[in-house]
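Colleague: I should like a close look at a single part of this model, namely the surroundings of the ligand. Please describe that part with care, and then set it within the rest of the chain.

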Amino acid sequence: MSLTNLREQIDAIDSELVSLLNRRAEISLQVGKQKAGEPNVRIFAPERERDVIQRVLALHSDGALPKDALVAIYREIISASIALQRPITVAYWGPPGTFTHMAALQRFGSSAQFHDASNIPSIFGEVERGLADFGVVPVENSTEGVVNYTLDMFHETELKICAEIYINIAHQLVSQAKSIADIKRLYTFSQPLGQCKQWVETHLPNVPIVETMPTSRAAERASEDPEGAGISTEKAAEIYGVPILQPHIEDNANNRTRFLVIGRNEPPQTGRDKTSVLFAVKNEPGSLGRALRAFEDHNVNLSMIASRPTRNVSWEYVQFADFQGHEKDEPVQRALAELRKHSIYVNVLGSYPEG
Ligand SMILES: C=C(O[C@@H]1C=C(C(=O)O)C=C[C@H]1O)C(=O)O
């Protein structure tokens, strides 16, 4: 078949696709109008989005289009569909080019409006004050563990966790220096450094660290300092025009970070949900063990637990825990009731569809 003929076939398919996409958009506008009349139904419905994406993946069977590409296309279709109903604003930890920016783009697509907040507390602040509808914050990394800056914010906020995002994390050593031997300073901070610890100890053993947050700021500093290097994202290297001297310096090839979407949404039960809680146990022997047994007794699967010091009393801790299930599921309700018996307080931070 000739090239002209093949291109004619593509043109014909595009005509159908565009008309179908327009029909989909019209229906989404109608959904938006219905939501406007019902006070508790929110524009962003992560549980519905997960169903849409899973359904589309099931339809794909073994088609020629890579599954990741299909998911990315649908994320953009849904992003445009939400923006039609009402433009939504998402605050992330900037400047542009950070992993949090990438996670926000991956989840909300390019039709959302993004705002770069200067630190994690500002992300919470912008959503609390209504300047952004949602915020995206990093919460744990598969190599480095929990992100304390984020966990500590949950003591003081009334915002809810409404979705989670997982992304693969690749770190780049960016520098204008000709070789690694010429580097005199490394711009980075605890999380990325911890994920590249072995590489840095082997290749930059005596190079002083200049604490710089977040990753895109490290790229910016490296762009201004001919003898400096930064640990950065590929996107930030591109934005600040600084060469990648060594790609993939992360120690673990399966390095992944989990992000949380915070806002005022409270997604309904889907049968595949997760719940996050903050609790403080009574200061008496065995209380943490008894508190944790509440989950075991009711067959609720704990996926993460982290202790953080309370800021007001020395040596007192609060626990941040994630488990499978929705706050409205019966086993979860029973586990929470028992947890409350052994705790000074229990604060449910949100139930949301599992990522
Ligand atoms: C159309 C809806 O609104 C939004 C857009 C969706 C879509 O385009 O498929 C899905 C979920 C919502 O975030 C809906 O809630 O069904």
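Modeller: Three helices, α1 (3-37), α2 (46-60) and α3 (67-85), each supply at least two residues of the shell around the ligand. The model is a predicted one, and the description that follows should be read in that light. The residues that surround the ligand are Ser28, Val31, Phe44, Ala45, Arg48, Glu49, Val52, Ile78, Ser81 and Ile82. Sorted by class, this shell consists of six nonpolar, two polar and two charged residues.

Of the three helices, α1 may be taken up at once. Helix α1 contains 35 residues, and the distance from its first C-alpha to its last is 51 Å, close to the 51 Å expected at 1.5 Å a residue. None of this helix is packed away: the number of buried residues among the 35 of α1 is zero, so the helix lies largely in the open.

The next step is to place these helices among the domains. The protein chain is divided into domain 1 (20-86), domain 2 (87-169), domain 3 (172-249) and domain 4 (266-353). The centres of domain 1 and domain 2, taken over C-alpha atoms, are separated by 22 Å. Eleven residues from domain 1 and ten residues from domain 2 take part in the contact. On the side of domain 1 that touches domain 2, α3 gives the most, with seven residues. By class, that side of domain 1 has seven nonpolar, one polar and three charged residues. Helix α3 thus appears twice in this account: it supplies at least two residues of the ligand shell, and it gives the most to the side of domain 1 that touches domain 2.

Beyond the ligand, Ile120 offers a useful view of a buried position. This residue is found in helix α5 (residues 120-128). Ile120 has 22 other C-beta atoms within 10 Å; a residue counts as buried when that number is 20 or more, and therefore Ile120 is buried. If its neighbours within four places in sequence are left aside, Ile120 is in contact with Trp93, Val137, Tyr149, Thr150 and Met153. Ile120 and Arg308 are 188 residues apart in sequence, and their C-alpha atoms are 17 Å apart in space.

Helix α11 (residues 287-297) may be set beside α1, where the number of buried residues is zero. In α11, Ala291, Ala294 and Phe295 are buried. These three cover an arc of only 95° around the axis, which puts them on the same side of α11. The face turned away from that buried side carries the exposed residues Gly289 and Glu296. The buried residues of α11 pack against several elements, namely β12 (273-281), β13 (302-309), β14 (317-324), α12 (330-341) and β15 (343-353).

The backbone also deserves attention. Most residues other than glycine have a negative phi, and most peptide bonds are trans. Just after α11, Asn299 takes a positive phi of about 60°, although Asn299 is not a glycine. Asn299 lies in the loop between α11 and β13. With 11 other C-beta atoms within 10 Å, Asn299 is exposed. His248 also has a positive phi, near 50°, and is found in the loop between β10 (244-246) and β11 (256-263). His248 has 14 other C-beta atoms within 10 Å and is partly exposed.

Two peptide bonds that lead into proline may be added. The bond from Gly94 to Pro95 is cis, with omega near 5°, and Pro95 is found in the loop between β1 (89-93) and α4 (99-108). The bond from Met213 to Pro214 is likewise cis, with omega near -15°, and Pro214 is found in the loop between β8 (209-211) and α9 (215-224).

Finally, the chain as a whole gives the setting for these details. The protein chain has twelve helices and 15 strands, and its C-alpha atoms fill a box of roughly 80 × 60 × 40 Å, taken along the principal axes. Of the 355 residues in the protein chain, 36% are buried. Among contacts with a separation of 6 or more, 74% are between residues 24 or more positions apart.

Conventions
Residues numbered from 1 in each chain as written. Predicted model: local features only at pLDDT ≥ 70, side-chain atom pairs only at ≥ 80, totals over all residues. Near = placed C-beta within 6 Å. Helix = DSSP H or I, 4+ residues; strand = E, 2+ residues; numbered from the N terminus. Nonpolar A, V, L, I, M, F, W, Y, C, P; charged D, E, K, R; others polar. Expected span 1.5 Å × (residues − 1). Buried ≥ 20, exposed ≤ 12 C-beta atoms within 10 Å, placed from the backbone. Arc of directions from axis to C-beta. Contact = placed C-beta atoms within 7 Å. Domains from an automatic or database assignment.
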